[in-house]
Structures are given as C-alpha cells and as structure tokens.
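Reader: Please show me the two-chain model. I should then like to ask about the contact between the chains and about the fold of each chain.

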Amino acid sequence: MKEYDIVVIGGGPAGLAAAYSAKENGIDNILIIERDNILGGILNQCIHNGFGLHVFKEELTGPEYAERYANLVEEKNIEYILNSMVLSVDENKVVTVMNEEDGIFEIQAKAVILAMGCRERSRGAINIPGYRPSGVFSAGMVQRLMNMEGYIPGKEVVIFGSGDIGLIMARRMALEGAKVKAVVERKPYSSGLQRNIVQCLDDYDIPLLYQHTVSKVVGKDRMEGVVLSKVDDKKQAIPGTEEFVSCDTLLLSVGLIPENEISRDLGVKMNRKTSGPIVGENLMTNVEGVFACGNVLHVHDLVDHVTMESNIAGKKAAEYIKMNKVDTSGKKIQLIPDKGVSYLVPDHINLSTLSDDVTVRFRVTDVYEGAYVDVNFDDELAIHRKKPFLAPGEMQEIKLKKDYILEHQNTDNITFKVEAK
Amino acid sequence: MYDVLIIGGGFSGSAIARELSKYNAKIAVLEKTEDICEGTSKANTALAHGGFDAKPGTLKAKLNVQGNKMMDKLTKDLNIPFERNGALVLCFDEKDIPKLEELKERGEKNGVPGLSIINQEELRKLEPNITDDAVAALLCESAGIICTFTLNFALAENAYENGVEFFFNTAVEGFTKKEDRWIVHTNNGDYEAKAVVNAAGVYADELHNMVSSKKHSITPRRGQYFLMDKQVGDTVKRTVFQLPTKFGKGIVVTPTVDGNLLIGPTAEDIEDKEGVDTTKEGLDEIMEKSKMTLKSFPYGSVITSFSGLRAHDEEDDFVVEEVEDAEYFFDALGIESPGLTSSPAIGLMMANLIRDKLNLQEKDNFKETREGLPLTNRMTPEEHKALIEKDSSFSKIICRCEMITEGEIVAAIHSPLGGKTLDGLKRRVRAGAGRCQGGFCSPKVIEIISRELNIPQEEVMKNNSNSKIILGRTKE
C-alpha cells in the first residue's frame, strides 16, 4: 500500500490550494486525487472573468485561475492522479480509490484533506410540480455543456434562482443567442453578488422577478413553458397570480449542497445549517487528522475565499503531520451564531491548537443596510463593525486576533450577531 | 403469422411473454413507446405485497398471494434484487384495532403466511422512527421490496432471449378478425396472429372495447410520490402502511431495494391516460399524511417526485381471461395494484390459458435464467476487481452519486433490448438516478450513447423521440 503524509480528496481550487499550502509548510509527501480528467474542478467550466481579485490582484477567468494553481502544483512536484474516484476513507485513514489504470487500490494517509466541493440541488429538491419533460437542467450542467462541450440546450430560457451561477448563465445563454425570458427569485432579494446582477442581467435587459416562483413545469416531452406565481411572505405561491411563460428550457440554480458522502461514511460530524463538517479553528473535523476546506465545508461565493480558507487547511494539516498528533485536550470556546447570522465557520476554537488569528466566515439571514456585526466574548463586546450592506448572498468574514483570544481564555462562547439600524 | 401477439411491454405483457416463451410458438410484443417499462409499470411503490389487502375470492387476492410466493425463485432466476423486508399496517387509535384483526383474518383467508398483530412496544422496537401516535400494527413478514424497472426489463429480456420478438414505437390502432387469425393494425403496419393478448395497461379498456360488446372502462388512478436520498433510506426498515381512516386512504413509507426512501402514493382518479404530472396539492397531501407515520418528514432529502398511474377497472378486480365474444382475444385488464406482485402469476395464468387454447408444446431449450447486466454495486469487491481485470471501463465512474461505471452503461446500451435514452439507461443501471439527478453525469452519458449508437449528441433523447436534450451547437 502506498503511503502519503497528506492525501487531498479533490483537485479543484480547494484541494489545489490546500496541497500547495501544505507543501509550502514543509510537507513533501502529498497526493491529490481528482475524479475528473483535469485539475481545477468546476472552475474549468467557469469561463467568465472575475476570479482572483483578492488572491492574484487581477481579474482572471475560471480556467486561468485553475491553471495558475495547477502550475504551482506542477512546479512544486506535488503528486496528483486524475480520473480517480475515492470510494471511501476509513478511520485509519486508508483511502480506497478506483480508476481505469489501476482498478481499485488503497492508499495509507497520515492526514486527509476533504475538498470534494458541492453539487447543485435538483428539481426534486424544490418540488416543482408538473410533468418531467426534457429541458429542465441544473445551471451547472448547462454551463458544462456549453462551455466545455460546445452544445446549447435551448433557445428560450427561464432561470429559477438568482444565485451567481444562475445570473452568469443568464448572460452566457444570452450571448449565445438564446432568449432569456426571466430570472425568477422567490426571495425579495438576490442570493447572488450585486456586481453579477448588474453585469449579467441589467446589461442584457434580462428581467429579474423577485418574490416569484416556478409553480409548474409545462410540457410532456420537451418543455413548453413554465407557470410563474407570485409568492407570499412564506414563499408560498399565491393562487390567482399564475402566469404562463413559454420556454423550451428551465435552468435551475436553486442552491448548492456540499458533497459529504465520503465524510459522513467516515464518521465526520456535520453542521445541519451548512451541510458541511463541523470544524475547529484549524479546520480539523471531529475525526483526528481529517481536515476540510472549500465548498465541501460550506458553500462560498468567491474562489478567492476558498483559496484562503484552503491555505489554512493545508497549513494546519502540515502542522499536524509535523507534530504527529494533535492535542485537543485544551479548553474549547464555542462560536455561536445569534440574531441575523445563519452559521459560523469554524464552529469552535481549541485553545490547545490555536496558532494563528482566526478568520470566521459566516452568512447573514437577511438583507441589512447600515447594520453592525457584533462579536461578543461572553458578555464583552469585542468587535462592533459597521457594514454598509449585508445580504445572505454575500459571505462575510471577521478576523479574531489570536492575542485577543488568548487574553480572553476564560471565555466560553463567542457570539456573532447583526445589529440592524 | 404469429401464434401470439402481446400488446404492451409492461410487467403483465413481459411476464406473459416470458411464460409463453417456454413453448414452441412464434410470439411478439407490440409496445407503443420506445422502451420496455414506459407506461403504468414504470412508476409505482415497487412492492411485493403480502396479499392481506385484497378481498378474499377475488382474482387480485389469488394472484397476489401466488405472485408473492413466486418472487423468490423468479428474482433469483432473473438475477434482480428482491428483499422480504416485511410490512406493517399502522393503527392510530385503540378503537381501530379490530380493523387490524379484520385485515389479518382477510389475509389468512387469502393464504398469506406470517401475519401477526404487534403492540406499541414491539412496534417501537421494530421501527423507532415512526410516530408515537401508532398504537398497534399488523405485521406481514412475507411482504417485500423489489425494483420495478429491473423486474420489467428482466422479464422482457428473458423472453427475448427465449425467442420473443419485440416491436417498439408500435401503437395498435385496430383489429380485424379473419377466420383463423386476428389482424392487428398498427402505426407500423399490420401484424397477424392466432391469438392476441391485451396487456395495454390504462389503454386495455380501449383495445378490449374494439373487439367486444361487453364494455370495460378503465380509470387512470394517479399516485404521486417523493423519492428521498439514500442518506435517509433507513428511516424505516419495513414497508409502513397506514390503516385507512375517516380522512381517507393512507400513504406508504418504504425503503427501496436500492436504499432510498419512497413516500406515497396519492390516489386520484383522473381523465388523462397520460396524466403522469405531479401537482402541488398531491405533493402537499403526501407530506401531510406522512406526518402520521414519521416523526419528521425529511424535507431536505427529496431528490425527485413523480407520478404513476394504476389501471383501475370499474369492476374492481383483475381480468385475466379470453374475451367471451372475441375468441382468441385475451385480456390482462384492470391490472392495478398489486399488479407488480401479481405479474408472475398473471403471466403463468395467461400462458396456461393460451397454451390450452392453442395446444402449445413445451420447448426443451427454454433458458430459465438471465445473467443480467454487470452491475458493480451489486458485486462483492472481489467480483468487481475481477471484472475490472477483464475490462477497465468498469472502474471508470460516470455517475458519481450511484457509482455507475462506463462499463455498465455501455453494457446496458448493448444488452438485449438495450437502453438508448437517458431515462432508459437510468432505469437499467441507475446512471442519473441518484441525489444529483443527472446534473453531473448527463453530459457524459449523452456522450457515451452518442458514441455507442453512432448518432450525433443532438439526437440523444431523454426518453421518447420528442424529448431532445441538446438543441444545437454553440457558435463556433
């Protein structure tokens, strides 16, 4: 059985950055396992620009961003295998892999970094009634079909969900000559980035219908249209507001779910809110030596944030290898999402493993203008930060200084909440 | 001229075809859609019912119990999954316990083995995730779960391997009786046979009424379902029914043989025989009713919802017989639930009727077993490894949710009566049947179909010929 210090599952942006960071932190014996035939993951189908503003201080396309990292991995002689599916990881960190070249084989790892990314929610998950004709696609699938295979699935399109993928695909399809009739959003605000609403919809005169839902798929064989309805405050369709819109294609961009099947089978505990592993400040899960980063941990808006988070996972995994174990016996400070905050990553801080400042990433539950984010160490207000605009579609981050945490060792809970105007 | 033409490639038609293929006879199945298992048979609760529900003395009761008993050998011979997981009928009110007793007695009259009534405590032990409202239950040990698709394919494929011909996209338009033969008019020309079997599901009444003065009327009874992620597949171990109450017929919560959780169906009489759409009302009803069974409804785990139709005849029983005023014309009509369970028995009963009528002689080379497709997730690791040694494409994952390899998909395309569409392959090997519902693998499966059938990707269909997936090329 081949042995590696660190096995990284997933060769997308998270896996690549984590591997690179581990290497930079002194670990040589690393293997990246990627299921697709190319490194870079979903970035390869994201041919639009806007990637890398934070990490590389310039605007790159997805494939360009992926290539930079793939090159770094090559330059550093980090080993990787493609077209390889991880079947399981056991508690002894034996990774079972299958590929065409070697069949089914096992690898012994000292540490594992989970970086499997996420998948899209399907029509079933959102219960759109009607027949099941062809023409109903997840936005990511269409992105792959168009950008990597060169096919266009339809000519008249309705997009459900105003997340970034939905917005970007609206523009992409418009550029290919398809008529994008509407982007439909159940909420009163978009879950995508503001800049994407401007650049992908406004610039192309594509209407964005807030507080609407696709209440029915029409057509038996190929889609003939959708019925749209207005929704009430509980996001339920309001009877009598139905409107038929003809289209041959419905793109669903209705949320992403971290792909944690391997993690769950391994016994990694999950956060119900993020559908990702519960991790400490070192991004280690409850299974010792198993770390998680990127969209498998929680769904990010920007690849730059994925990279930064994965750098930490790589570094902490390297520290773990060097120390050969991890001491989690120290005091644990719990991070608690309070009013206006839907989740926090990490979930807690272990004082015995704390070695750096801690970046806490979170999402808010609503749209706020001119609000404050308050961070309380037990009853003490530690941070009171003004945020001109907060929306659930834009991930937030706040750094907790290591020194401050150490000065407040007696703290049991660190609470994050939004103070609305 | 054929000896027997069977109309319909669902369970009944396929089971009849397989039983008849034991005899020296020229047999064909006419199927109006592009594939086996496209109509009534493709969407149901996928159960081998115990047989306690049907009224004693009915054909339904008899064929259900008989069909259930035949399942062990049949599924072994055809190499398809089947599990006697047992069933429970929950009772929510002490006052209703006599109704459970009645059900038990009825079952015993029908010849169902392994029936008992269990109390709340035993129930808790068996199924910890059902609500505390359930006070007692009828346990039926002989009930089981089965894959509706593979049963249908296996029956048809085995019939095909034993010489039965299949004609797809062939819709029957009428019949003419000549002295010694029936002429079956279809959109693909005329077929002639000594005997005709009408196994046309929801359309069986229409075909019957073309030849007989004693009319039948079939109502499509729609059942809507939720299919859940395998993550919650073990919410219940048994198939859990609800005792009907004053609020109506209950719904079923059951694991599937593939490890998912299935919840449904509704029961709505509709007009449209193609009306397999789902409705908001229907889906809401399932969620509402499931609350009686389950402590919590796994909302986040729904991966798809769908509808199926049951062919409910107004006489409320199966009809498996030669039509009185149309000699050599046989009906397998009104085959609603428990049609899947009964299908092996329906096949046998019909084949016996036809054997006697046509004086058919048994073949000596009937191949009773079917090897089936090489499905890697039903193999032991050793078997899978051995297969990979021979063909490395069985280690190339295409559908990551269900872990389906390229080798399996290619094998399913080239199998007897192979799959040629996305849905056809989904039903044969489960590519695209998982939690992402084809989001990742569809482009790859389209590519494989295109390559193996040597057709452009734009010509690959979801199911029928009007269900194109890709409408063109992006500009160069």
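Reader: How many residues does each chain give to the contact?
Author: This is a predicted model, in which local features need pLDDT of at least 70 and side-chain atom pairs count only at pLDDT 80 or more, while totals for chains, interfaces and linings use all residues. Residues are numbered from 1 along each chain as its sequence is written, chains are lettered from A and ligands numbered from 1 in the order in which they are written, and side-chain values use heavy atoms, with hydrogens and water left out. With contact meaning heavy atoms within 4.5 Å, the numbers are 47 residues from chain A and 54 residues from chain B.

Reader: What area is buried between chain A and chain B?
Author: Buried area is the accessible area (1.4 Å probe) that two parts lose on being put together, summed over both. Carbon and sulfur atoms give 55% of it, and the total is about 4300 Å².

Reader: Which residues of chain A lose the most area to chain B?
Author: Three residues together account for 17% of what the chain A side buries. They are A:Glu100, A:Arg132 and A:Tyr151.

Reader: Which residue of chain A meets the side chain of B:Arg435 in a salt bridge?
Author: A salt bridge is a side-chain nitrogen of Lys or Arg within 4 Å of a carboxyl oxygen of Asp or Glu, and three are counted between chain A and chain B. For B:Arg435, the distance from N to O is 3.4 Å, and the partner is A:Glu261.

Reader: Which element gives the largest share of the side of chain A that touches chain B?
Author: Helices (H or I, at least four residues) and strands (E, at least two) are DSSP runs, numbered from the N terminus. The elements that give two or more residues to this side include β8 (103-114), α3 (139-149) and α6 (261-266) of chain A. The largest share is five residues, and it comes from α3(A).

Reader: Which residue of β23(B) is the bridge partner of A:Ile152?
Author: Two strands pair if DSSP finds at least two bridges between them. β11(A) and β23 (residues 472-473) of chain B pair in the antiparallel sense over two bridges. In β23(B), the partner of A:Ile152 is B:Gly472.

Reader: Why does the radius of gyration of chain B agree with that of a compact globule?
Author: The radius of gyration is taken over C-alpha atoms, and the globule rule is 2.2 Å times the number of residues to the power 0.38. Because chain B has 476 residues, a compact globule would have a radius near 23 Å; the value for chain B, which agrees, is 22 Å.

Reader: What is the order of strands in the open sheet of five strands in chain A?
Author: The pairing in this sheet is parallel, and the edge strands, each pairing on one side only, are β10 and β14 (208-209) of chain A. Within it, four bridges join β12 (residues 156-160) to β18 (residues 249-252) of chain A. The order is β10-β18-β12-β13-β14.

Reader: Which residue in the turn between β27(A) and β28(A) has a positive phi?
Author: Nine bridges join β27 (residues 368-377) to β28 (residues 380-390) of chain A, which run antiparallel. These strands form a hairpin with two residues between them; the residue with a positive phi, of about 50°, is A:Asp378.

Reader: Which residue does a cis peptide bond join to B:Ser337?
Author: The residue lies in the loop between β20 (329-333) and α8 (339-358) of chain B. Omega is about 0°, and the residue joined to B:Ser337 is B:Pro338.
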